[in-house]
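Open the model in your viewer and keep the sequence panel visible. This tour goes from one selection to the next and says what to look for at each stop.

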Amino acid sequence: MTATIPVAVPRKGRPLEAVLERIAAVADIDALADSIISTLRYEKALTKGTKTADASPYERLADYSETGDPHAPEYTLLRDDREGFPRRVVFDSLTVALDGVDLRLIGREEPFRSLRTHEFALGFDSADLVLEEVVELREAGVGSLSEINARINPHDTDVAVVTGLGDTVYHTLLATPEVVGETATLDREFVTDYQGPLCISPRYERLVEAVLGTRATDGVEFVYPSEAAEEEAAIAEAGLGVYLTVTGSTAREHGLVLGEHLFPSETVLMENTVEAGGEAESIKTLLTEPAIDTALQVE
């Protein structure tokens with residue numbers, strides 16, 4: 001009988017896409033992964049209002065589903081907070097045959113927390129969530145994935161990071177030229193000497209403290225963009241901020257200087273070290289070979 005290994009994955013967004021692309025690289029499901037990604041991008045566009053659909057979300061859900069095929073993807077409906085969009089189609093589950101076992105990808109809103117509560121031995125989620133929840137705050141900041149496990153207190157959680165998936169987008173320091181000046185370097189040391197507002201996303205206080213270190217954040221005042229303002233515009237108004245930067249082009253449009261890449265916001269494979277056994281170990285090896293271009297590699 002084929003063993004089934006459950007793995008927690010995100011329900012939507014860049015982290016799920018990174019997981020599907022990684023699974024496709026080792027399980028030869030490129031067309032299926034592309035189909036799931038395209039479906040969810042279309043659903044995101046519907047939620048944002050950039051596309052319209054004649055069919056209801058329930059009709060689309062039925063159209064996407066192939067309940068007779070155990071290796072076909074399943075979707076589900078998730079309540080969306082945006083006014084006028086009470087339901088959004090998101091990923092639910094998929095079984096993938098991989099080296100003699102069935103890998104069961106199961107969608108969760110917060111895969112990291114599902115591992116913390118011992119629901120799964122393996123899972124994928126954003127490294128940001130690990131910083132937000134369990135990485136210890138210290139005077140010096142965290143700058144790479146390879147530093148995370150050393151900052152996790154084993155009395156707080158049994159979860160550890162195995163490797164990143166290489167879908168790297170950096171938390172980056174941004175500032176106006178007036179704040180930086182002509183001679184200063186926009187890095188952690190600059191923030192240490194800085195007194196004043198630091199614009200960040202509303203829920204990122206602990207993440208930013210972990211990344212910059214408490215020595216750097218002592219003396220800064222966290223401020224947040226309004227609901228209507230773009231984050232780069234809000235940073236330009238505040239003078240200094242931390243933002244997830246892909247290319248930097250939009251930051252420059254707001255007259256901002258790009259500073260140090262502080263931390264890679266990367267999707268990571270995690271394990272619950274108490275729950276992980278022999279089959280989980282073999283899957284972990286398969287999912288990290290061939291080598292991934294990431295800051296953290298499995299030895």
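The stops below cover one helix and its surroundings, then a set of salt bridges, all in a predicted model.

**Stop 1: helix H10**

Select residues 231-238, which form helix H10. Which residues of this helix are buried? They are Glu 232, Ala 234 and Ile 235. Look down the axis: these residues span an arc of only 160 degrees, which means that they sit on the same side of H10.

Now display what packs over them. The cover of the buried residues in H10 includes strand E7 (169-175) and strand E8 (196-199). Strand E10 (240-245) and helix H11 (249-253) are also part of that cover.

Step just past the end of H10 to Gly 239, where phi is positive, at about 105 degrees.

**Stop 2: Glu 109 and Arg 11**

How many salt bridges does the structure hold? There are 14. Begin with Glu 109 and Arg 11, whose closest N and O atoms are 3.9 Å apart. Glu 109 is in the loop between strand E4 (101-108) and helix H4 (111-116), while Arg 11 is in the loop between strand E1 (3-10) and helix H1 (13-27), so this salt bridge ties together parts 98 residues apart in sequence.

Colour the pair by accessibility. Glu 109 is partly exposed, with 44% relative accessibility. Arg 11, at 14%, is buried because the cut-off for that class is under 20%.

**Stop 3: Glu 133 and Arg 116**

Select Glu 133 and Arg 116, a salt bridge with its closest N and O atoms 3.3 Å apart. Glu 133 belongs to helix H5 (residues 127-133) and Arg 116 to helix H4, and the pair links distant parts of the chain, 17 residues apart. Both ends count as partly exposed: Glu 133 has a relative accessibility of 23%, and Arg 116 one of 28%.

**Stop 4: Arg 203 and Glu 132**

Stay with helix H5 and select Glu 132 together with Arg 203; their side chains form a salt bridge at 2.9 Å, N to O. Arg 203 lies in the loop between E8 and helix H8 (205-212) and Glu 132 in helix H5, so the contact ties together parts 71 residues apart in sequence. Is each partner buried or exposed? Arg 203 is exposed at 53% relative accessibility, whereas Glu 132 is buried at 16%.

**Stop 5: a network**

Finally, select Arg 11, Lys 12, Asp 92 and Glu 109 together. Salt bridges with shared partners join these four residues into one network.

Technical notes. Residues numbered from 1 in each chain as written. Predicted model: local features only at pLDDT ≥ 70, side-chain atom pairs only at ≥ 80, totals over all residues. Heavy atoms only, no water. Buried < 20%, exposed > 50% of the residue type's maximum accessible area, 1.4 Å probe, protein only. Helix = DSSP H or I, 4+ residues; strand = E, 2+ residues; numbered from the N terminus. Arc of directions from axis to C-beta. Contact = heavy atoms within 4.5 Å.
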